[in-house]
Amino acid sequence: MRVAITGSNGLIGSALVRSLLDDGHQVVRLVRGAPAAGPRDGSKVARWDPAGGEVALAGAEAVVHLAGAGVGDKRWTASYKREIRDSRVRGTQTIARACAGAAVPPRVLVSASATGYYGDTGSRIVDESAPAGSDFLASVCVAWEAAAGPAREAGIRVVHPRTGLVVAGEGGAFGKMLPLFRLGLGGRLGSGDQYWPFISLTDHIAALRFALDTDALSGPVNFTAPEPPTNREVTRALGRLLHRPARASVPAFALRAALGEFATSITCSARVVPAALLKAGFTFRHPTFDQALESVL
């Protein structure tokens, strides 16, 4: 299969590229600006311009759209919030229109989303049928998913992985947390009672491959492990498995002072479960947080 991927240099994108190439698939990395020489891993490159609405899908049978400005990369100023939203909405519109207008459209578009769609749900268990939240990230996710409309209207199967926190040794939220816990400086954030939906990087890549191959999957699909822990449970597991004290705590007001509005995404609770994946027959290698963490230590 020939698969075009945006965001191929990120944590998830680079792992997906390796997985597809290892199984003999063709990969086209969609990059901004003029394509450079082809990577040494055997993948190809093609140009896309999300702002200008241009993309060369290079005859892809499937498209995986992962690109977007990092939610936790900068303080949430008004201008950076626009960048977070625009990078997702405009990029997705560009990809969806290109898919719909292709001479031979791809059979599937996997276009990223996030569990931020649900907002703060407290201790209530939520699956893909739950309504959107009312905060900034929820509004971004709603617009992000809606931007894929042209592909859906063209009859292309569209899947929106609503991804939780990805457990990986390097990169992502846990890539930033692990060094602190190894130094004995880790602890709970806010009350510690908030649920953190997570998925191991291994399971995330397997779920992406499953979504590409499973015609029964379409629409929103929660990419989260079946047993979301609380932040307190995450803290205890990190301390226990790293053999380090994890007694520190950072109150919510201190997080807000340090991180601004972004702190709300850390202290809000989302007890998200992967109903669609489980119904379609997907099997998790790391269904619990301890198993996910052990896989990267």
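**Exercise 1. The nonpolar cores**

Task: Determine which residues touch the most other members of the largest nonpolar core, and which elements give two or more residues to this core.

Solution. The structure is a predicted model, in which local features need pLDDT of at least 70 and side-chain atom pairs count only at pLDDT 80 or more, while totals for chains, interfaces and linings use all residues. Residues are numbered from 1 along each chain as its sequence is written, and side-chain values use heavy atoms, with hydrogens and water left out.

Step 1. A nonpolar core is a set of buried Ala, Val, Leu, Ile, Met, Phe, Trp, Tyr and Cys residues joined through side-chain atoms within 4.5 Å. Buried means under 20% relative accessible area, exposed means over 50%, and partly exposed lies in between (1.4 Å probe, protein chains only).

Step 2. The largest core holds 30 residues, and Ile5, Val110, Phe223 and Leu277 touch the most other members.

Step 3. Two or more residues come from each of strand S1 (2-6), helix H1 (11-22), strand S5 (62-65), strand S6 (108-111), helix H6 (201-213), strand S13 (219-223) and H10. Helices (H or I, at least four residues) and strands (E, at least two) are DSSP runs, numbered from the N terminus. The largest contribution is that of H6, with seven residues.

Step 4. Separate from this core is a second one of 27 residues, which includes Trp76, Ala225, Leu238 and Leu242.

Step 5. Val110 may serve as an example of a core member's surroundings. Beyond residues up to four places away in sequence, Val110 touches Val63, Val64, His65, Val159, Pro161, Leu208, Ala211 and Leu212, where contact means heavy atoms within 4.5 Å.

**Exercise 2. Helices H7 and H5**

Task: State which residues of H7 are buried and what they pack against, then do likewise for H5.

Solution. Step 1. Helix H7 covers residues 231-242, twelve in number, and reaches 16 Å from its first C-alpha to its last, close to the 16 Å expected. The expected span is 1.5 Å times one less than the number of residues.

Step 2. The buried residues of H7 are Asn231, Val234, Thr235, Ala237, Leu238, Gly239 and Leu242. An α-helix has 3.6 residues a turn, so residues three or four places apart point the same way.

Step 3. Helix H5 (172-182), strand S11 (187-189) and H11 are the elements against which the buried residues of H7 pack.

Step 4. In H5, Phe174, Gly175, Met177, Leu178 and Phe181 are buried. Their cover includes strand S10 (165-167), S11, H7 and H11.

Step 5. Each helix is followed by a residue with a positive phi: His243, just after H7, at about 55°, and Gly184, just after H5, at about 80°.

**Exercise 3. Three single residues**

Task: Establish where Ser200, Pro287 and Arg82 lie, and whether Ser200 and Arg82 are buried or exposed.

Solution. Step 1. Ser200 belongs to strand S12 (residues 198-200). Ser200 counts as buried because its relative accessibility is 1%. With neighbours within four places in sequence set aside, Ser200 contacts Val166, Val167, His286 and Ala292.

Step 2. Pro287 is found in the loop between helix H10 (275-280) and helix H11 (289-296). With neighbours within four places in sequence again set aside, Pro287 contacts Phe198, Ala225, Pro226 and Glu227. The C-alpha atoms of Pro287 and Asp203 are separated by 8.8 Å, although these residues are 84 residues apart along the chain.

Step 3. Arg82 lies in helix H2 (residues 78-101) and counts as exposed because its relative accessibility is 51%. Between the C-alpha atoms of Arg82 and Val140, 58 residues apart along the chain, the separation is 9.7 Å.

**Exercise 4. Cysteines**

Task: Find how many disulfides there are, and explain why Cys99 and Cys141 form no bond with the closest cysteine.

Solution. Step 1. A disulfide is a pair of cysteine sulfur atoms within 2.5 Å. By this rule the count is zero.

Step 2. The sulfur of Cys99 is 20 Å from the closest cysteine sulfur, in Cys141, and is therefore too far for a bond. For Cys141 the closest cysteine sulfur, in Cys268, is 11 Å away, also too far for a bond.

Step 3. Cys99 is buried, at 0% relative accessibility, and Cys141 is buried with a relative accessible area of 3%.

**Exercise 5. The whole chain**

Task: Describe what secondary structure the protein chain has and how its radius of gyration relates to that of a compact globule.

Solution. Step 1. The chain has eleven helices and 15 strands.

Step 2. For 297 residues a compact globule would have a radius of gyration near 19 Å, and the chain agrees, with 19 Å. The radius is taken over C-alpha atoms, and the globule rule is 2.2 Å times the number of residues to the power 0.38.

Step 3. Of the 297 residues, 48% are buried.
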